[in-house]
Amino acid sequence: MNDCLCNNTTPLGRTLSSRRDFLSRCGLGLGALGLTSLLSEDLLAQAKAGQFPARAKRVIHIFAQGAPSQVDTWDPKPELTKFNGQTLPGLNGVAMGSPFKFAKYGQSGIEVSEVFSAIAKHVDDLAVIRSMQTDIPAHDVATVMMNTGSLRMAKPSVGAWALYGLGSANENMPGYISLRPNGGMPPGASLNWGSAFLPGDLQATSINTSSPTVDGMIQNIRNEYFNAKEQRRELDLVQKLNAMHSANLQEDPQLEARIKSYEMAYRMQIEATDAFDLSKEPQNIRTLYGDTPQGRQLMIARRLVERGVRFVQVWAGGWDHHQDIEDRLPDSAAEIDTPAAALLTDLKQRGLLDSTLVIWGGEFGRTVTKDRNGNDNPGRDHNNKAFSIWLAGGGVKGGTVYGASDEFGAKAVENKVHIHDLHATVLRLLGFDHTKLT
């Protein structure tokens, strides 16, 4: 994302009077080109008329960290299979045709790999992009690029921008939540979820979904020493002391963010306890998602957006298949296939899909040749020149394929889509005119 064009020598709150002022004076750097062919016809007509009403009120980003192979999932390449085991012109190594079968699904007839047989049944709701590109095929920097539009510099994440521009829809819940499947923090987590030069309370609240209990997911959610009334008196005192500090000394953004986090923790005690308690879901819904880590994550994601959370990111990694891709990729796909299909079904039957943008994809793609470290059951190396993602709901035109890679799937050749273009499209669906923010 581009540097802010504002005067950075003055605290943000004193320079700008509103979100609109800030957004009009600063460069988001999220790209200069939205993928307008992916927008629904009515939204496109409104855009041409100069209006950008928000079709998407919230986002669920299923981040397939590790970089899924495009030619084994969403981008079928029969020519690659035809030349399997042979040297390809201009490419290092020998061709590796996909070991997985593709079939046409839905009225749109989009071809999908057998590893995603459940999601494939929703293909008429999906916009599949087969021409994604990024700058550097290294996991850490490409992950930061996917989440912030920047390779290394600390810039606000897309979730932070969404929350800053739209505001919170529920004062008792964080507006931006990251669901992670284990106790460990993903690489560069502070950069991927951060708010950078935006207010600190816009960064993501990280939730460890590996725990089966609410207390395990959100540590210290309950105060064992003070009741609600006493907690309120304590926080009010802290606010008074902070006001005195600001008046007599100077504004401290970090202190402000910390106090806001205390306020949020206080308000979350009832609302969050309910949102993360999956035992309150009917058995048929729990069966729909499946009793698996990612099934529970996506069920929680639906419960969160239903309660007004603006941006939920679900970390669904395990896609770094340098070896044994024929055995390992189906396992990774199986972890998310049924839960993601269940999410789309659940959102649709609740009337939420039209206003919820769902995104699935990784940080880059894989090579179409065998990894040089491969053995009798090889995998694929990193490739930043072509990969695939899909979007659904929230104003997206379903049953659509956008862009194309070459005949082997090695690089994007038609309607190339950079990460910045993807971000620009997400912003437009959320109601931002990105051409005025570049």
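These are legends for a set of close-up views of one predicted model.

**View 1. The whole chain, before we zoom in.** This is a predicted model, so it helps to start with how sure the predictor is. The mean pLDDT of the protein chain is 82, with 72% of its residues at 70 or more. The chain has 14 helices and 15 strands. Of its 438 residues, 54% count as buried. Contacts reach a long way along the sequence: among those between residues at least 6 apart, 77% join residues at least 24 apart.

**View 2. The N-terminal stretch, residues 1-33.** Here pLDDT stays under 50. The model still has 77 contacts beyond four places in sequence for these residues.

**View 3. The cavity and its lining.** How many cavities of 30 Å³ or more turn up? The count comes to one, with a volume of about 120 Å³. Fourteen residues line this cavity, and H61, M146, V158, F311 and H423 are the ones nearest its centre. The elements giving two or more residues to the lining are β1 (58-63), α5 (139-148), α6 (158-166), β7 (311-315) and α14 (419-429). Which of them gives the most? That is α14, with three residues. As for chemistry, the lining splits into eight nonpolar residues, six polar ones and no charged ones.

**View 4. Helix α12, wrapped by the rest of the structure.** This helix covers residues 293-306, which makes 14 residues. From first C-alpha to last, α12 reaches 20 Å, close to the 20 Å expected at 1.5 Å a residue. Why call the helix largely enclosed by the rest of the structure? Because 11 of the 14 residues of α12 are buried. The buried set is Q294, G295, Q297, L298, M299, I300, A301, R302, R303, L304 and V305, so look for two arginines, R302 and R303, in that list as you scan along α12. After the helix comes G308, with a positive phi near 100°.

**View 5. Q294, a buried glutamine in α12.** Staying with the same helix, we move in on Q294, which lies in α12. Its relative accessible area is 9%, under the 20% cut-off, so Q294 counts as buried. Who are the partners of Q294 beyond its neighbours within four places in sequence? Q294 is in contact with A316, G317, E335, I336 and P339.

**View 6. F116 and the residues around it.** F116 sits in the loop between β3 (110-113) and β4 (126-133). Is this loop residue buried or exposed? F116 counts as buried, at 1% relative accessibility. Setting aside neighbours within four places in sequence, F116 is in contact with T73, W74, W319, A333, I336, D337 and W360. I336 may ring a bell, as it is also among the contacts of Q294. For a sense of how the fold brings distant parts together, compare F116 with A334: the two are 218 residues apart along the chain, yet their C-alpha atoms are separated by 7.5 Å.

**View 7. E363, a glutamate with 0% relative accessibility.** E363 is placed in the loop between β8 (356-361) and β9 (365-366). Its relative accessibility is 0%, so E363 counts as buried. Beyond its neighbours within four places in sequence, E363 is in contact with F63, A64, Q65, G66, A67, T134, H139, A142, T143 and F387. The run from F63 to A67 stands out when reading that list. A further pair to pick out is E363 and N383, which are 20 residues apart in sequence and 9.9 Å apart in space, C-alpha to C-alpha.

**View 8. D324, a non-glycine with positive phi.** D324 has a phi of about 55°, positive although the residue is not a glycine. Where does D324 sit? Its place is in the loop between β7 and α13 (325-349). D324 counts as partly exposed, at 27% relative accessibility.

**View 9. N415, with positive phi in another loop.** N415 is not a glycine, but its phi is positive, at about 50°. The residue lies in the loop between β14 (412-414) and β15 (417-418). With a relative accessible area of 39%, N415 is partly exposed.

Notes:
Residues numbered from 1 in each chain as written. Predicted model: local features only at pLDDT ≥ 70, side-chain atom pairs only at ≥ 80, totals over all residues. Heavy atoms only, no water. 1 Å grid on protein atoms, 1.4 Å probe; cavity = no way out; pocket = protein on both sides within 12 Å on 5 of 7 lines; lining within 4 Å. Points joined across faces, edges and corners; volume = space filled by probe spheres on them. Helix = DSSP H or I, 4+ residues; strand = E, 2+ residues; numbered from the N terminus. Nonpolar A, V, L, I, M, F, W, Y, C, P; charged D, E, K, R; others polar. Expected span 1.5 Å × (residues − 1). Buried < 20%, exposed > 50% of the residue type's maximum accessible area, 1.4 Å probe, protein only. pLDDT = per-residue confidence, 0-100. Contact = heavy atoms within 4.5 Å.
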